[in-house]
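Thanks for making time this morning. I would like to walk through one model with you, and I will go slowly enough that you can follow along on the screen.

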Amino acid sequence: MNRKLLLIILDGVPYRNWRRLFGNLEGWAASGEARVWRMRAVLPSTSASCYASIHTGVTPQVHGCTGNGNVFRLKEPDVFSEVRKAGGVTGAVAHSFWSQFFNRHPFDMVRDIEYDEPESTTINHGRFHTMTGYGDINQMTPSDVDLFATLTSLAGRFGLNYGMLHTCTLDSMGHRFYHDCEEMDHACYVMDEMLGPFIPRWRAMGYEVIVTADHGQDARGHHGGTGEDQQDFALYYFGEGQGPGKDVLLDQLQLAPTILSRLGAPIPKTMKAKPFLK
Ligand SMILES: [Zn+2]
C-alpha cells in the first residue's frame with residue numbers, strides 16, 4: 001500500500017458549530033484546499049454506536065452496539081482490519097473504546113494504554129486514554145494539541161498508511177456548557193487553531209485528511225436521538241479525490257468504504273454504502 005490517509009474525529013460537534021466557528025477549516029474550504037459536506041450519523045446517535053458504524057460501515061442494528069454501556073470486540077470487518085489485509089500500517093490515538101471495538105476487549109489499562117504491534121491484524125500502533133472519572137465538573141480529556149502531536153509522531157516514525165485520531169473535548173464541553181455560550185465559542189476556536197498547523201504538515205507528509213465528528217448535539221448538549229441537531233455534522237476533506245455536489249447529504253455508513261477506496265484497499269461485502277469520493 002502506498003496511499004496514506006488520516007481520519008480526525010472531533011466528538012460531538014454539531015453542523016452549525018463547524019460552519020460558524022472553525023475559521024481555519026472554513027478558510028481552506030473557501031480557498032479550495034478542502035471540500036466540505038454535511039454528514040448524518042446513524043441511530044442511535046450515541047458515541048460508541050457511532051464509532052462502531054464509522055469504522056465498520058454497518059448500522060448499530062447490525063453491529064449490535066446499542067450505546068456507551070455496551071462496548072465489546074466487534075465481529076464485522078473494519079477499516080483497520082481491511083487496511084492490514086491490504087498490506088498497510090495502522091495507528092490510532094483515541095478513547096479506549098476504539099481499542100476495545102477493533103483490537104481487544106476488555107481494555108487492560110497497562111497492556112493497552114500504549115502498544116506497538118507490527119504483526120497485529122488490526123491496530124499496529126495504539127495510544128489510548130480512558131477518561132476514567134469523566135463528569136461535568138472534570139472532563140478528564142487530554143489536551144488536543146498533545147493528541148495531534150502524538151498522531152504526527154506515530155505517522156512519521158512508523159510510516160502509517162492509515163491513522164485515526166479521536167478526541168472528546170468538544171463533546172464534553174457541549175454536555176457541560178451547551179452551545180449558545182462563550183465557553184463553546186472559545187472551545188471550538190481553540191480546537192480550530194490547535195488543529196490548523198497540523199493540516200498542511202500532514203498534507204506535506206503525503207496524507208489525505210478527513211476532519212469530521214461522530215454526531216452532533218442539540219441546544220441542551222444532548223444526542224442519541226433523531227434530528228439535524230443531534231445527528232448532523234460537517235466533514236472536511238483534503239485530498240485529490242473527487243466528491244459529490246456541495247448540497248449532497250452524506251451517510252455516516254459511507255465513511256468506511258470511502259476511506260478504504262482512497263487507500264486502494266478492497267471493500268468488504270458487509271460495507272454496502274457507496275464511497276463518496278472517487
Ligand atoms: Zn460522541
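D185 counts as partly exposed, because its relative accessibility is 30%, and in this model, which is a predicted one, the side chain of D185 meets that of R20 in a salt bridge, with 3.7 Å from N to O. That pair links distant parts of the chain, since R20 belongs to helix α1 and D185 to helix α10, residues 182–195, with their positions 165 residues apart. R20 itself is exposed, at a relative accessible area of 51%.

The count of salt bridges comes to 15, and I will pick out two others. R40 forms one with D232, where the closest N and O atoms are 2.8 Å apart; here strand β2, residues 35–40, which holds R40, is linked to strand β8, residues 232–238, which holds D232, and the two residues are 192 residues apart. Is D232 buried or exposed? D232 is buried, with a relative accessible area of 0%, whereas R40 is partly exposed at 29%. The side chains of E240 and R203 also meet in a salt bridge, at 2.9 Å from N to O. E240 lies in the loop between β8 and β9 and R203 in helix α11, residues 198–204, so this salt bridge ties together parts that are 37 residues apart in sequence. Through shared partners, salt bridges also join R38, R40, E228 and D232 into one network.

Now to the cysteines. How many disulfides are there? The count is zero. The sulfur of C50 has its closest cysteine sulfur in C65, at 9.1 Å, and this is too far for a bond. Both residues are buried, C50 with a relative accessible area of 0% and C65 likewise at 0%.

Next, the metal site. The protein donors of the zinc ion come from D11, which contributes two OD entries, S47 through OG, D214 through OD and H215 through NE2, and they lie 1.9 to 2.7 Å from the ion. D11 sits in the loop between β1 and α1, while H215 sits in the loop between β7 and α12, 204 residues away in sequence. Both D11 and H215 are buried.

Finally, strand β6, residues 162–167, has six of its six residues buried. Y162, M164 and H166 point one way from β6, and G163, L165 and T167 point the other way. Strand β1 pairs with β6 in the parallel sense over six bridges, with L10 and T167 as bridge partners, and β3, residues 90–95, runs parallel to β6 and is joined to it by four bridges, with A92 opposite M164.

Conventions. Residues numbered from 1 in each chain as written. Predicted model: local features only at pLDDT ≥ 70, side-chain atom pairs only at ≥ 80, totals over all residues. Heavy atoms only, no water. Donors = N, O, S within 2.8 Å, 3.2 Å for Na, K, Ca; no water. Buried < 20%, exposed > 50% of the residue type's maximum accessible area, 1.4 Å probe, protein only. Pairing = 2+ DSSP bridges. Disulfide = S-S within 2.5 Å. Salt bridge = Lys/Arg side-chain N within 4 Å of Asp/Glu carboxyl O.
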